[in-house]
Amino acid sequence: MTTRLSVIGAGLIGARHIEIVNRLPETQLASIVDPAPVAQSMAQQHGVPHFGDLAEMLSAQKPDGVIIASPNQLHVEQGLACVAAGVPMLIEKPVGSIAAECDALVSAADRSAVPILVGHHRRHNPLIQAAKAHVASGAIGSVVAVNAMCWLYKPDDYFNVEWRTKTGAGPVFINLIHDVDLLRYLCGEIFAVQAFQSSVARGHEVEDTAAVTLQFASGALGTVTVSDSIVAPWSWEMTAAENPAYPETGQACYLIGGTQGSLEVPTGKVWQQDEPRSWWRALQNGTVESVVQDPLDAQIQHFCRVIARTEPPLVSAAEGVATLRVIEAIKRSALSGGRQDVNLAD
């Protein structure tokens with residue numbers, strides 16, 4: 001059975017989705033929705049209808065599902081329109097601009113039983129699935145601490161687009177949200193943060209560097225640093241090799257420490273000791289094996305199963321909002337200089 005998908009938004013990530021939907025045998029591109037002239041050209045190129053807005057598309061056709069890859073501030077409004085039409089959706093991260101505004105979408109989707117998958121695509125990477133299974137098995141014992149790094153250098157011309165230098169942009173919202181989502185997935189819920197941020201490297205209105213301490217509900221602690229102004233090999237982009245646009249470094253960007261061993265991600269290297277464990281004893285290492293698959297492909301294939309109601313969303317709307325709440329707490333902490341609780345009850 002072929003699943004017909006409409007893509008809303010023909011920007012960089014929308015174009016990636018369009019390519020994947022056209023390539024996978026189980027999916028068919030139903031239409032492209034975007035007012036930009038380039039979107040009309042893309043629709044002509046792929047031989048599918050073009051619509052200037054979502055309402056126009058929904059009145060003309062009802063695809064099996066939609067992929068919302070429009071600007072963040074449109075996600076909730078467009079998501080509510082899809083719920084009203086009974087159309088399942090994959091919403092690119094973040095699920096919305098402000099967590100509180102997303103509650104209406106989560107509630108409406110729950111009432112109408114319309115599934116939402118949020119596009120935190122890294123969870124679909126087999127590397128992460130293998131790491132998740134290894135941690136959950138208890139092989140490294142109870143998680144005590146985690147250290148995560150997202151250090152990369154964005155070229156100067158990246159900032160020629162003015163919004164990237166202003167409040168609302170910056171590596172916390174653009175990059176760290178991915179890492180926070182994976183840390184929640186691998187190590188459990190985060191209920192408090194303390195953060196600092198700096199713009200000393202570039203001098204923009206928005207931060208270029210941030211450092212965060214995390215408290216997990218399990219009692220584990222974590223540290224994570226993010227910067228778009230450091231020449232370094234330690235970022236998911238340059239360690240996971242999931243996107244050929246980034247050179248692979250063979251390094252790890254997450255270290256997860258437990259009472260019986262430690263795990264490097266995404267390399268999958270495991271460090272353990274024979275009993276009795278002691279810092280005087282030699283360490284042994286092994287590797288958690290995984291297969292190779294583009295997580296964006298895996299995400300679309302999973303979305304087809306979500307539409308068919310044979311699987312629940314790996315990243316539900318509520319999960320996407322929970323990650324966004326952690327990011328908002330990090331930003332509040334960086335501005336106030338104090339600890340911020342993450343309101344998990346909302």
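Trainee: In this predicted model, which residues of helix 4 (residues 75-85) are buried?
Mentor: In the predicted model, buried means under 20% relative accessible area. Within helix 4, which spans residues 75-85, the residues in that class are His-75, Val-76, Gln-78, Gly-79, Cys-82 and Val-83.

Trainee: Why do these residues lie on the same side of helix 4, and what arc do they cover?
Mentor: On the other side of helix 4, Glu-77 and Ala-84 are exposed. The buried residues of helix 4 are placed on the same side because around the axis they cover an arc of only 165 degrees.

Trainee: Which elements do the buried residues of helix 4 pack against?
Mentor: Both strands and helices are among the partners of these buried residues. The strands are strand 1 (3-8), strand 4 (65-68) and strand 5 (89-92), while the helices are helix 3 (54-60) and helix 5 (99-112).

Trainee: Which residue just after helix 4 takes a positive phi?
Mentor: The phi angle in question is about 70 degrees, and the residue that takes this positive value just after helix 4 is Gly-86.

Trainee: The structure holds four aromatic pairs; how is the pair of Trp-151 and Trp-234 arranged?
Mentor: The centres of the two rings are 5.9 Å apart and their planes make an angle of 75 degrees. Since planes over 60 degrees apart count as edge-to-face, the pair formed by Trp-151 and Trp-234 is edge-to-face.

Trainee: How many residues apart in sequence are the parts that Trp-151 and Trp-234 tie together?
Mentor: Trp-151 belongs to strand 7 (residues 143-151), whereas Trp-234 sits in the loop between strand 10 (221-227) and helix 8 (236-239). Trp-151 counts as partly exposed at 24% relative accessibility, and Trp-234 counts as partly exposed at 30%. The parts that the pair ties together are separated in sequence by 83 residues.

Trainee: Are Trp-279 and Trp-280 buried or exposed?
Mentor: Trp-279 and Trp-280 form an edge-to-face aromatic pair, with 5.5 Å from centre to centre and 70 degrees between the planes. As for their accessibility, both Trp-279 and Trp-280 are exposed.

Trainee: The structure holds 18 salt bridges; what is the N to O distance between Glu-19 and Arg-23?
Mentor: Glu-19 and Arg-23 are separated by about one helical turn, because they stand four residues apart in helix 1 (residues 12-23). Glu-19 is partly exposed at 38% relative accessibility, and Arg-23 is partly exposed at 42%. Their side chains meet in a salt bridge whose N to O distance is 2.7 Å.

Trainee: Which residue of helix 9 (residues 295-307) does Arg-23 pair with?
Mentor: Arg-23 in helix 1 is linked to a distant part of the chain, 274 residues apart. The partner is buried, with a relative accessible area of 11%. The side chains meet at 2.9 Å, N to O, in a salt bridge between Arg-23 and Asp-297.

Trainee: Which residue's ring does Arg-202 lie over?
Mentor: Arg-202 meets Asp-228 in a salt bridge of 3.5 Å, N to O, and both Asp-228 and Arg-202 are buried. At 4.7 Å from the ring centre, Arg-202 also lies over the face of Tyr-153.

Trainee: Which residues are linked in a network of salt bridges?
Mentor: Side chains of opposite charge can pair when their charged atoms come close. The network of salt bridges links Arg-123, Asp-181, Arg-184, Glu-189 and Glu-319.

Technical notes. Residues numbered from 1 in each chain as written. Predicted model: local features only at pLDDT ≥ 70, side-chain atom pairs only at ≥ 80, totals over all residues. Heavy atoms only, no water. Buried < 20%, exposed > 50% of the residue type's maximum accessible area, 1.4 Å probe, protein only. Helix = DSSP H or I, 4+ residues; strand = E, 2+ residues; numbered from the N terminus. Arc of directions from axis to C-beta. Contact = heavy atoms within 4.5 Å. Phe/Tyr/Trp six-rings, centres within 6.5 Å; stacked < 30°, edge-to-face > 60°. Lys NZ or Arg CZ within 6 Å of the ring centre and 35° of its normal. Salt bridge = Lys/Arg side-chain N within 4 Å of Asp/Glu carboxyl O.
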